[in-house]
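Welcome! Take a moment to look over the sequence and the model, and then we will walk through them together, one part at a time.

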Amino acid sequence: MASVSASLPPPLLLTQRKPNLTSVQKIPFSLIRDRRSPSMGVMVKANGKSSESSTDLDVISSIQNVWDKSEDRLGLIGLSFAAIVALWASLNIITAIDKLPVISSGFELVGILFSTWFTYRYLLFKPDREELSQIVKKSVTNILGQ
């Protein structure tokens, strides 16, 4: 169950425009007046199915399959711990490099140039986008071992 609450000033809530929120009209909501401040609060609760995407479920099921098929679970735990430590160390190294004035500007320039090249190479034209999609699908199947 998810819930959202917001506190908005009265002029924003009491406008004369009719919003086009057809999907939100089915969600039950309640107005709560705060006695300490002149603003009004809105609380919205959503009930129903989870909004997880199918890719999240595929990744979770793949991880569960790897865990169930593994004979060396201690090795998997160690490998995941090593991955977390490597991520932490790489973030600290990037933070240290970012504090150096000349090197961080150089990396920023390299990032801009690479992003420009990647956009031109894979995203501008439809056949290139299809090629990128095939590369990504092939890499995912290689990683997951399917």
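## Starting at Trp67

Let's begin with a single side chain. Trp67 is partly exposed, because its relative accessible area of 35% falls between the limits for buried and exposed. Please keep in mind that this is a predicted model.

Trp67 sits in helix H2. If we set aside residues up to four places away in sequence, Trp67 touches Arg73, Leu76 and Ile77. One of these partners, Ile77, is 10 residues from Trp67 along the chain, and the C-alpha atoms of the two are separated by 9.9 Å.

## The overall layout

Now let's step back to the protein as a whole. It has five helices and three strands. Read from the N terminus, the order of the elements is β-α-β-β-α-α-α-α.

How much of the protein is buried? Of the 146 residues, 6% are buried. As for contacts with a separation of 6 or more, 44% of them link residues that are 24 or more positions apart.

## Ser62, a buried residue in H2

Helix H2 covers residues 54-69, and Ser62 is found in it. Is Ser62 buried or exposed? Its relative accessibility is 13%, which is under the 20% cut-off, so Ser62 counts as buried.

Which residues does Ser62 touch, leaving out those up to four places away in sequence? They are Leu144 and Gln146.

## Two annotated spans

UniProt, in an unreviewed entry, lists residues 74-94 and 100-120 under "transmembrane region". We can compare that record with the model itself.

Residues 74-94 are 100% helix and 0% strand, and the C-alpha atoms at the two ends are 30 Å apart. Residues 100-120 are 95% helix and 0% strand, with their end C-alpha atoms lying 30 Å apart.

## Where H4 meets H5

Next comes a pair of helices. The axes of H4 (residues 101-123) and H5 come within 7 Å and cross at roughly 100°. That angle lies in the range of 65 to 115 degrees, so H4 is roughly perpendicular to H5. On the H4 side, the contact is made by Phe118, Tyr120, Arg121, Tyr122 and Leu123, while H5 brings Asp128, Arg129, Glu131, Leu132 and Ile135. Sorted by class, this contact of H4 with H5 holds six nonpolar residues, four charged ones and no polar ones.

Two residues of H5 give a closer view. Asp128 is found in helix H5, and it counts as buried because its relative accessibility is 17%, under the 20% cut-off. Asp128 touches Tyr120, Arg121 and Tyr122, not counting residues up to four places away in sequence. Leu132 also has its place in H5. Beyond its neighbours within four places in sequence, Leu132 is in contact with Phe118, Tyr122 and Leu123. Leu132 and Tyr122 are 10 residues apart in sequence, and their C-alpha atoms are 6.2 Å apart in space.

## H5 and the residue after it

Helix H5 spans residues 126-144. With 19 residues, H5 reaches 27 Å from its first C-alpha to its last, close to the 27 Å expected at 1.5 Å a residue.

What comes just after H5? There, Gly145 takes a positive phi of about 75°.

Key: Residues are numbered from 1 along each chain as its sequence is written. This is a predicted model: local features need pLDDT of at least 70, side-chain atom pairs count only at pLDDT 80 or more; totals for chains, interfaces and linings use all residues. Side-chain values use heavy atoms; hydrogens and water are left out. Helices (H or I, at least four residues) and strands (E, at least two) are DSSP runs, numbered from the N terminus. Buried means under 20% relative accessible area, exposed over 50%, partly exposed in between (1.4 Å probe, protein chains only). Contact means heavy atoms within 4.5 Å. UniProt positions are given in the numbering used here, feature names are shortened, and annotations may be inferred rather than shown by experiment. Axes are lines fitted to C-alpha atoms, for helices over the stretch in contact, and angles run from 0 to 180 degrees between N-to-C directions. Angles under 35 degrees count as roughly parallel, over 145 as roughly antiparallel, 65 to 115 as roughly perpendicular and the rest as oblique. Ala, Val, Leu, Ile, Met, Phe, Trp, Tyr, Cys and Pro count as nonpolar, Asp, Glu, Lys and Arg as charged, and the others, Gly among them, as polar. The expected span of a helix is 1.5 Å times one less than its number of residues.
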